[in-house]
Amino acid sequence: MIGLAYPEISPIIFSIGPVAIRWYSMAYLVGIILGWWLAASRVKKYDLGLTKKNCEDIAFAVTLGIILGGRIGYVLFYGSGQYWQNPWEIFEVWHGGMSFHGGIFGVIIALFVSSYLIKYPFLKLTDLVAPVVPIGIFLGRLANFINDELWGRVTDVAWAVRFPRGGYLPRHPSQLYEACLEGIGLFVILNLLWRNKWCREHDGIISAVFLLGYAGFRSLMEQFREPDAQLGFLWGGLTMGQWLSLPITIIGLYLLLRWFVPKKTKEN
């Protein structure tokens, strides 16, 4: 049969009685810790004017934004009505169901509130956080692969994988594609920009590249990823992931062009 055998890895790392530690939850935890550490080290290195407590409060707010935004986004965009019939299932996060687009908007709200409370420029804060986000994306996509979920479309490429839950048909390992592009690729791009003094000093540039980069890579990867079964293809033959990437692209373009489009001066 065409395709590589799926390396069946248990989604559970270990369990203690009824408590199970899963790769998916560990990906979130490690991603947040590593992102917090890298961002905090840059605050100190570049003297960005944030205290240790500020960093801790921001990390807590971002964590809430990821969890609440990701879950609410999934319920609204991918729930397909099941949660309105059984609303208590909204809180059963251990059954899975997180939207990265929802997580992005949750983090944006968390950073906006944080910037207001600590009187710190909003876009300077988003520029600090954006370069570390791909760490979580990379780990999350690896966890998707281990969970045998969000696999790609049927294909005959030599590296296709026969996922058990995908009917043992040879499919694109789209989770790994996304881990490479949205994770590693975006991390390299954003952190190269961070090393550039001009980009650091022009608030919103790094954030704009993150939004445009993620939206572009995600839209491209949707060409290989199997559409969600409960939704399928939407208007225009696009997937939900591609449609949700559209407003992110618009915001990214606005943040980027505001520095490059000449502003009109008022005439007396």
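How many of the 8 residues of H5 are buried? The answer is 6, which leaves H5 mostly covered. Buried means under 20% relative accessible area, exposed means over 50%, and partly exposed lies in between, with a 1.4 Å probe and protein chains only. The buried residues of H5 are Leu123, Leu125, Thr126, Asp127, Leu128 and Val129.

This is a predicted model: local features need pLDDT of at least 70, side-chain atom pairs count only at pLDDT 80 or more, and totals for chains, interfaces and linings use all residues. Residues are numbered from 1 along each chain as its sequence is written, and side-chain values use heavy atoms, with hydrogens and water left out. Helices (H or I, at least four residues) and strands (E, at least two) are DSSP runs, numbered from the N terminus.

**Cores**

A nonpolar core is a set of buried Ala, Val, Leu, Ile, Met, Phe, Trp, Tyr and Cys residues joined through side-chain atoms within 4.5 Å. The largest one holds 32 residues. Leu50, Leu111, Leu125, Leu128 and Phe210 touch the most other members. At least two residues come from each of H1 (23–45), H2 (52–78), H4 (100–118), H5 (122–129), H6 (133–146), H7 (174–194), H9 (205–221) and H10 (240–257). H9 gives the largest share, 7 residues. Another core, of 5 residues, lies apart from this one; Tyr6, Phe145, Trp151 and Phe163 are among its members.

Leu111 is worth a separate look. Leaving aside neighbours within four places in sequence, Leu111 is in contact (heavy atoms within 4.5 Å) with Ile58, Val62, Phe122, Leu125, Thr126 and Val129.

**H6 against H7**

The axes of H6 and H7 come within 8 Å and cross at roughly 170°. Axes are lines fitted to C-alpha atoms, for helices over the stretch in contact, and angles run from 0 to 180 degrees between N-to-C directions. H6 and H7 are therefore roughly antiparallel to each other, a label for angles over 145 degrees. From H6, the contact includes Ile137, Phe138, Leu142 and Phe145. From H7, the contact includes Leu176, Ile184, Leu186, Phe187 and Leu190. The residues of this contact divide into 12 nonpolar, 3 polar and 3 charged. Here Ala, Val, Leu, Ile, Met, Phe, Trp, Tyr, Cys and Pro count as nonpolar, Asp, Glu, Lys and Arg as charged, and the others, Gly among them, as polar.

**Strands**

Two strands pair if DSSP finds at least two bridges between them. An open sheet of 3 strands has the order S1-S4-S5, with mixed pairing. S1 (4–5) and S5 (170–171) stand at the edges with a single partner strand each, so one side of each is left without a neighbour in the sheet. S1 pairs with S4 (residues 161–162) in the parallel sense over 2 bridges. Leu4 stands opposite Val161 in S4.

S2 (residues 12–16) and S3 (residues 19–22) run antiparallel, joined by 4 bridges. Phe14 stands opposite Ile21 in S3. Their hairpin has 2 residues between the strands.

**Positive phi**

Three residues with positive phi are listed here.

| Residue | Phi | Place |
|---|---|---|
| Gly17 | near 65° | hairpin of S2 and S3 |
| Lys119 | near 55° | loop between H4 and H5 |
| Leu150 | about 55° | loop between H6 and S4 |

Neither Lys119 nor Leu150 is a glycine. Lys119 is exposed, with a relative accessible area of 67%. Leu150 is partly exposed, at 29%.

Note on methods. Parallel < 35°, antiparallel > 145°, perpendicular 65-115°, else oblique.
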